[in-house]
Amino acid sequence: MSAQPETSTDTGLVRVSSEKISRLMDLVGELSLSVSETVHSPDLQGLDLASFDAAVHRLTMIVREVQDVATELRLVPMDDVFKRLRRMVRELERQTKKKIDLVIEGGDTAIDKLVADKLYDPLLHVLRNAADHGLEGTEERIAAGKGERGQIRLAASQVGSEVRIIVEDDGRGLARDKILAIARKRGFFGPEEEPEPSVLWRVIFEPGFSTAEVVSNLSGRGVGMDVLNATMVALRGRIAVDSTAGNGTRVSLFIPVSLAFLDCIILRLGATLFAVPIDVVSEIARPDREELMHVSADQNRELLKLRGTMIPIVRLDEFFNEATHGEGRKPVPPILVVFNTATGPIAIPVDEVLDRQQVVMKPLVGKLASVRASWGCALLGTGEVALVLDCERLAAGAAK
Amino acid sequence: MTEAAQLTEDALNAAAARGDAAFADADNVDDMYLTFALADEEYGVGIGVVTEIVGMQRIMSVPDMPHYVKGVINLRGKVIPLMDARLRFGMEERPYDDRTVVIVMDVADALIGLIVDGVSEVLEIPPSQVDAHGQFGKGGRSVISGIGKIGERVSILLDVQVLVSDSDISLPADML
C-alpha cells in the first residue's frame, strides 16, 4: 500500500453492479456449504485425520473471512441516501414556504445496499411529515419563542448489529389529545385509559388508523404511516416515536446492518429446524412438571412459571396447525426457549437446541411465501434449511 | 449420480439433439413437453418452465404448507419447495425409489420441484395433436391444459400455473 503515491488521482474505486455482488454472495454461500459437506463426508470415517484437520481449520478460517469481506462489499455509507434526501428537503422548503435547516450526522455509517435502497422512501415520508406538519410556519415559530428557521436532524449510527436512524424536528410535536381521541374511537384504548406516550404513538402505525384525521406532525399525505410500518417489517426493523408538545418529534428507525446474514440459534422440533435471531432470546429453560400450567378454561392455554411470572407457551406445531389442541395432545417438549416480544415474553417448546451460528438468509418466494410468522429460510453450515421465526408475529398470532 | 438422474440426463441430451433438429424445422420450444409417469398414467409439462431434473434429495420439512408440499431441498444454495405430484392429484402415496426424480420448474419467477415416479422423455407435440377442449375441472381453470396424442400414446398436459396454485384440483376418478 505504501508504494501508492499519495498524490495519485486514482481513488481506487471500482463500480460493480449489485447483481455481480449478489452472485458472489451466493457463490460464497455455496462455497461454505460445500466445504462443510466435504469436511463431514462419511468417507473420512476411520481415517487418520491429524494433518487433514489442521488444513480444514485453515480452510474454514479463510472461508469465513471471504464471507465477511463479501458482506462488506455490499455495505454503502448512509450518505448515499442522505444526499438524495437533502435535495428533497430543498424542494420541501419551496413547497411549504418554510425555512428548514437540515443537519446530517453519521453519514459514514455503513449499511447493506439492499437495505439502503429500501430506506429512501420511508425516510422521505418521515421527512415530509416533519417539514409539512411538524415544523411551524415562520410567524408561529417566532410567537413560540423559537428561531425563525426550523431544524430537522437526520442522524445515523451503528448500535450493535443495528443501524439507528433518527429523524428529529423542533416543531410543534404530536397532538396527543387528537391522536388519543381517534385511538379511543377506533377501540385501541378504553375511554378512561391514559396510555403511556410511547404506547400511544405506536397506534399511528396501525393500519386503518386514518392519518387524514390526525392533524399533527405525523399525518401524511399520499403514503400512509402504515406503509412505513410495512417497510420496516420487511427490513426486520423497529420504529420508535418520541414527542413533546411544543418541542418537536423524534422518529427512530432501528434496522439490521445486513439482511443477508443473521446471528441465530438453531432449534429442532420433531423433524423441523427453526432459527431464531439471537437478540430476541432471553432465556432457555428446562422446566419441571410443576412449573408448567394448563388452563382448560382458556382454550387449553399452557403457561410456564418462571421466577414468579407466567409466560404463555406457544406450541409451534399447533400454531402451524399440524397438531391437535386440548385432549390427547403430546406432553410439552423438554426445553422451553423464552423470547422477548413487544407483546410480552412467550415460551416456545422445542426438542433440542442445536447451536448458534451465522446463517445465510433466503427470502420465502413462490409456494413458500404463505408460511406465516417467518422472516425467511436460513441456510445452515451443514446444508440444512431452517425456518427463521418472527417472534413478534408468533406472539401476536398466539394472542388471538 | 443416481440412476434416475443419469436416465434423465440422457433423455434431456436426446431432447437437446432433437431440439436442434426441431429448430432447423423452425418449430419452437412451446411444442416440446417433458413427459413423466405417475402410476400408470403419463403426464407432460412444457419444457420451457423446466430448469433442471435432479435425483431425490434430502427433504427438510417446513411447517404451514399444504400436505402435498413435502418440504424443501437445498439445491446448490437455492431453497426449493417440493410438491409431491401423487399427493397433489389425490393419488396414493408411494415410497420414493431410485427412479423417483424431481422436476425443477420456474413458475412465475419462483422455483418449485415436482416429485414424480420417473421422467420418460421429451416429446414434440404440435398444437394440432393437442385436444384442448375444456371438459376437465369442475368450474374454474383446470390443471389440465389438454391431452396430447402422439401415435398410440396419450399424454396429459398440465397447466403449471394451476398446478402450483393453492386451488383444489381433485381430478375426476374416471378421467381416462
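**Antiparallel sheets and the contact between chains A and B**

In chain A, strand E10 and strand E14 (residues 335-339) run antiparallel and are joined by 4 bridges, where two strands are taken to pair if DSSP finds at least two bridges between them, and where strands (E, at least two residues) and helices (H or I, at least four) are DSSP runs numbered from the N terminus. The model is a predicted one, in which local features need pLDDT of at least 70 and side-chain atom pairs count only at pLDDT 80 or more, whereas totals for chains, interfaces and linings use all residues. Residues are numbered from 1 along each chain as its sequence is written, and chains are lettered from A and ligands numbered from 1 in the order in which they are written.

Within the E10-E14 pair, Ala285(A) has Leu336(A) as its bridge partner in E14(A). The pair belongs to an open antiparallel sheet of 3 strands in chain A, ordered E10-E14-E15. Strands E10 (281-285) and E15 (346-350) of chain A stand at its edges with a single partner strand each, so one side of each is left without a neighbour in the sheet. Neighbouring strands of this sheet are turned against each other by 25° on average, direction ignored, with axes defined as lines fitted to C-alpha atoms (for helices over the stretch in contact) and angles running from 0 to 180 degrees between N-to-C directions.

A further open sheet of 3 strands in chain A, also antiparallel, has the order E11-E12-E13. Because strand E11 (292-295) and strand E13 (309-312) of chain A each have a single partner strand, one side of each is left without a neighbour in the sheet; the twist averages 35° from one strand to the next. E11(A) pairs with strand E12 (residues 301-306) of chain A over 4 bridges in the antiparallel sense, and His294(A) has Glu302(A) as its bridge partner in E12(A).

In chain B, strand E1 (residues 32-38) pairs in the antiparallel sense with strand E8 (residues 118-124) over 5 bridges and with strand E2 (residues 41-46) over 6 bridges. Leu34(B) is bridged to Val122(B) in E8(B), and Leu38(B) to Glu41(B) in E2(B). The hairpin of E1(B) and E2(B) has 2 residues between the strands, and Ala39(B) takes a positive phi near 50° there.

The contact between the chains takes 24 residues from chain A and 17 residues from chain B, two residues being in contact if their C-beta atoms, placed from the backbone, lie within 7 Å. On the side of chain A that touches chain B, the largest share, 4 residues, comes from H1(A).
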